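User: I would like the terms used for this model set against their cut-offs. Please go through them one by one.

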Amino acid sequence: MSTSPFAVIVDIDGAGSHPAAWRHADAEPGELLSAAWVSANVSAAERAGVTAVTFSDHPLPPHDVDGPTARLDAVLQASFTAPLTSALGLIPVVHGLYTEPFHLATQTATVDTASLGRAGVLIEGDEDPRIAARHGREPLPAPLVAEELTDVVEAIRRLWDTWEGDAVIRDVSTGRFFDPTKVHYADFEGHRFSVKGPAILPRSPQGQLPVFSAHSGIGADVVLVDAPLDASLRAVREARAAHPADTRVILELETALDRAGQTGAERVAALNEHAVWAGSGRARYVGDAEGLARILVSMTDVVDGVRIRPAVLGHDLDELARAVVPRLRDVGVFRSPLVGSTLRESLGLGAAVNRFAEVS
């Protein structure tokens, strides 16, 4: 049974999760890659009171799409929106197989600093040889993906800890900016890479950002579960049994909600005339907002939250804000994040302890 706060996370990716979403979006195709589009949707998510948003990203363009294929970098989107928000969690997707862990640790800690402690990081790993070629690397065999991502997570965690919380002293009288006894080397040796460290910037507000991943057993704080809706609770229980007790389990959920005299099924049918919303293996709900709210309320004793992937971002986000989130609050199963709270606090994770500070 889940005892942590229930989280409602919304994926902010272009026009939405349906491949033809861009045709029904409240913006021209070129505007879907604009700062105005990103900030408008993030602001709408914060007004709705959801826990956090994720910024999806991938090294390759989408497959089987006849619309826009360019992408905005997820970490840059999170950095850009950090000063535009005050309570919303910001979780960029990063790809860990071929990107230097030192850079990942630095980029994501910067988002945490800019947002005053509201950042997380969603680790993905795609062994596609085309991605390896873009990084000038040899492709990593599929059986080694989990091993590599485990090393990446441990490396970035150690880098986040290399500066103790009080390492920066700014002592004008002596001209010392930091206390060198409180800055440490990461000294990480993985299976295929090593990181010496220390990090090039001081410890961020959270110290340890919440790490999300759909890959099991890599040391993430939050595990994302893909399963059809009728099998989702069983999949969640299996994920919970396979991870430490303090690991949060979040269900991936695609949605197409009724709106403005048009049912969710009718909306999907209209979108499917341009491109079919193929099954992804994850949970999907098509129907009214009240029905979705009932399903989520029934899940709160088992799962720690949902990551909602709207079919058409603006349209479904409007319905979430209008009827789903308020219903969850009214029945007492959900609390919107407060200004000044960290993402760790919103997820019910304890304060991070610096491993090097314990030693020193």
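Analyst: What follows takes up overall form, cores, a helix pair and one arginine.
The model is predicted, so local features need pLDDT of at least 70 and side-chain atom pairs count only at pLDDT 80 or more, while totals for chains, interfaces and linings use all residues. Residues are numbered from 1 along each chain as its sequence is written, and side-chain values use heavy atoms, with hydrogens and water left out.

User: What makes the protein as compact as a globular protein of its length?
Analyst: The globule rule is 2.2 Å times the number of residues to the power 0.38, with the radius of gyration taken over C-alpha atoms. For 360 residues the rule gives 21 Å and the protein has 21 Å, so the protein is as compact as a globular protein of that length. The C-alpha atoms fill a box of roughly 70 × 45 × 40 Å along the principal axes.

User: How many helices and strands are there?
Analyst: There are 11 helices and 13 strands. Both are DSSP runs numbered from the N terminus: helices are H or I with at least four residues, strands are E with at least two.

User: Why is arginine 309 called buried?
Analyst: Buried means under 20% relative accessible area, exposed over 50%, and partly exposed in between (1.4 Å probe, protein chains only). Arginine 309 has 14%, so it is buried. It is found in strand β13, residues 305–310. Of the 360 residues of the protein, 53% count as buried.

User: Which residues is arginine 309 in contact with, leaving aside neighbours within four places in sequence?
Analyst: Contact means heavy atoms within 4.5 Å. On that basis arginine 309 is in contact with Asp11, Ser17, Glu252, Leu253, Glu254, Thr255 and Arg282.

User: What makes a set of residues a nonpolar core?
Analyst: The members are buried Ala, Val, Leu, Ile, Met, Phe, Trp, Tyr and Cys residues joined through side-chain atoms within 4.5 Å. The largest such core has 77 residues, and Val50, Phe55 and Trp160 are among those with the most contacts inside it. Helix α5 (residues 145–160) gives the most to this core, with eight residues. Apart from it lies another core of 13 residues, including Ala52 and Phe212.

User: At what angle do helices α8 and α9 pack?
Analyst: Helix α8 (residues 289–299) and helix α9 (residues 313–330) pack at about 35 degrees, with axes 9 Å apart. Axes are lines fitted to C-alpha atoms, for helices over the stretch in contact, and angles run from 0 to 180 degrees between N-to-C directions. Leu292 and Leu296 in α8 are among the residues that meet α9.
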